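Here is a friendly walk through the structure below. Keep the view open and rotate along as the text moves from charged pairs to rings, hollows and surface.

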Amino acid sequence: MTNRVTGSPESPSLPAFADAPDDVARLSGETGGWLDLVSREHLTTTLMLSMGVALFAFNGFFVSTVLPSAIAEIGGGQFIAWSVSLYLIGSIVAGVTAAQLKQRFGARRVLVVATLVFLAGTVTAAMASSMEQVLLGRIGQGLGEGVVAAICYALIPALYPSRLVPKVFGVEALVWTLASFGGPFAAGWLAESLSWRMAFLINLPFGLVFLLLALFTARAREEVADAHGLPLSPLLLLSIGLLMILSSGVMAEAWLSAVLVVSGLILLAFSVQRDRASPVSLMSHNAFRLSSTVGTGLWLVLLMPVAQATSSVYFVFGLQHGFGFGPLAAGGLGAIMAMSWSLVAVLVAHVGTARARRRAIEAGPILQCAGMMLVALGFYQGSLTLLVVGQIIVGAAFGSSWAFLSQMLMEASAVTERDKTSGLIPTLQSAGFAIGAALAGLTGNSFGLGNLSIHEGANGAFSTTFLIPVLWTIPAILLARRATRLAAELPKYSQQH
């Protein structure tokens, strides 16, 4: 079957999202339970995916806790911001290439090599005698984990039946929350009690366990295609664009930050265009095309994190400067969104009707819009209650929609491009947060949030900073509706042709 507008291939069936004759895809008797994920058939796969997600989340966040101790020993405080930026650039660029690498060499080989690259980066950072060596190690960690995360996503539709996919994402959301918030506390304890180097080295045993699980779990998925080289020009444009965007956050002049952000976004757009023109593409044929389910849905995957990134940058900071909270209390309240995401993802994972799953996807950006408006209002009025409720609603937005959105994109892709689409989901999520963080920093600095020393007058600036990214949720709402409508129409179209 082909898409009626572009003529490009799309999946011949959408079992979880297609309208059955009675508009029910409940798969009665086959819905499966949570225990199926730890059955003999799926236990090692579930453990492997959970370990991959945990390592990705932990290494994305723990450095903010550890690096102050490292700087006190080896210096290089001027490079602290790059410890996150270089990790993100490495993970995004590597994630985009993961599908090509998997098709060329097989999932198991790529996972093994990527894990070894990650472990080499970990050891390099842990043994560093200068901040430059730490940054080199962070690049290695990002390159390895970017491939691991993308391939783990790509393996979900290949290793689980459709009925279990939402539950897999529910588990992964829970693991992400535990790793991203519990990990930094554990890393901080290790840095304080033992050494900052031990906080890096804690990755070694977990990485080795993941390596063993990958060797056994992915051994049956070794189909390889003809060798093709990676398209270098899209990768180069992508890398430079990301570097510009992430560099904007360390610029003192607002105009220079704005120039870097705009220039970086233009290069990212050129990267997508070059990839489409390449004989061997990094992304699926329909990526970002508004005429297809996959293209429209991938825009949604990107825009929701762009809007959410302001909370990641300024929510805890706002609680400290606008409400006078200490670091521990502010950090605890900052975790509410992730906890809500995990809880809602687990609660909705049993939804079986096609219509209900599509409505959950559509509800995501609507809830995000409402939640972020409440957060902005909470800062404006100085209301902690509104802030907490807003964060809970934003978490529910992702929890209700993310698993079903990911599954819809995987199942709407042509079989030959499913790896590319699946691998793009975590990659675009990271890219969205990176772009959103740069835009948030640009907005916040324009309102003087980087120079706050007193609480008075801070809430108005925080409120405006949180209100602006609400604008990104408006196109997301429209795109969610279009994506689900296109998904619902595909099976009917295939029956007519």
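Is Arg163 buried or partly exposed? With a relative accessible area of 25%, Arg163 is partly exposed; bear in mind that this is a predicted model. The partner of Arg163 is Asp36, and the two form a salt bridge in which the closest N and O atoms are 3.3 Å apart. Asp36 is partly exposed as well, at 27% relative accessibility. Asp36 sits in the segment before helix H1 (43-61) and Arg163 in the loop between H5 and helix H6 (165-193), so the bridge ties together parts that are 127 residues apart in sequence.

Six salt bridges are found in the structure. Another of them joins the side chains of Lys102 and Asp419, at 2.8 Å from N to O. This pair links distant parts of the chain, with Lys102 in helix H3 and Asp419 in helix H16, 317 residues apart. Lys102 counts as buried at 11% relative accessibility, and Asp419 is buried too, at 16%.

Now turn to helix H18 (residues 470-496), where Glu489 and Arg485 are four residues apart and therefore separated by about one helical turn. Their salt bridge has its closest N and O atoms 3.5 Å apart. Glu489 is partly exposed at 25% relative accessibility, and Arg485 is partly exposed at 34%. Elsewhere, Arg359, Glu362 and Arg481 are linked in a network of salt bridges.

Next come the rings. The structure holds 14 aromatic pairs. One of these is formed by Phe288 and Trp299, which meet edge-to-face at 5.1 Å centre to centre, with 70° between the planes. Phe288 belongs to the loop between helix H10 (254-277) and helix H11 (293-323), while Trp299 is in H11, so the pair ties together parts 11 residues apart in sequence. Phe288 is buried, with a relative accessible area of 12%, whereas Trp299 is partly exposed at 30%.

A second pair to look at is Phe379 with Phe462, which is stacked: 5.4 Å centre to centre and 25° between the planes. Phe379 lies in helix H14 (residues 354-381) and Phe462 in helix H17 (residues 458-467), so this contact ties together parts that are 83 residues apart in sequence. Phe379 is buried at 0% relative accessibility, and Phe462 is buried at 0%. Both rings belong to a cluster in which ring pairs link Tyr314, Phe315, Phe323, Phe325, Phe379, Phe462 and Phe466.

Phe288 and Trp299 come up again in the second largest pocket, where they are among the lining residues closest to the centre, along with Leu268, Val272 and Leu302. This pocket has about 510 Å³ of space and 24 lining residues. H10 gives the largest share of the lining, seven residues; H3, H9, H11 and H16 are also among the helices that each supply at least two.

There are enclosed spaces as well: four cavities of 30 Å³ or more. The second largest cavity has about 40 Å³ of space, and its lining includes Phe56, Ser91, Gly146 and Pro426. H3, H5 and H16 each give two or more residues to that lining.

Finally, look at the surface, where Val113, Val117, Leu136, Ile139 and Leu143 make a nonpolar patch of about 390 Å². Helix H4 (107-126), which holds Val113, and helix H5 (131-159) each supply at least two of the patch residues, with the largest share, three residues, coming from H5.

Conventions:
Residues numbered from 1 in each chain as written. Predicted model: local features only at pLDDT ≥ 70, side-chain atom pairs only at ≥ 80, totals over all residues. Heavy atoms only, no water. Phe/Tyr/Trp six-rings, centres within 6.5 Å; stacked < 30°, edge-to-face > 60°. Buried < 20%, exposed > 50% of the residue type's maximum accessible area, 1.4 Å probe, protein only. Patch = residues over 30% accessible without salt bridge, like charges linked within 9 Å, V, L, I, M, F, W, Y side chains within 5 Å. Areas by Shrake-Rupley, 256 points an atom, 1.4 Å probe, with all protein chains shown as cover. Salt bridge = Lys/Arg side-chain N within 4 Å of Asp/Glu carboxyl O. 1 Å grid on protein atoms, 1.4 Å probe; cavity = no way out; pocket = protein on both sides within 12 Å on 5 of 7 lines; lining within 4 Å. Points joined across faces, edges and corners; volume = space filled by probe spheres on them.
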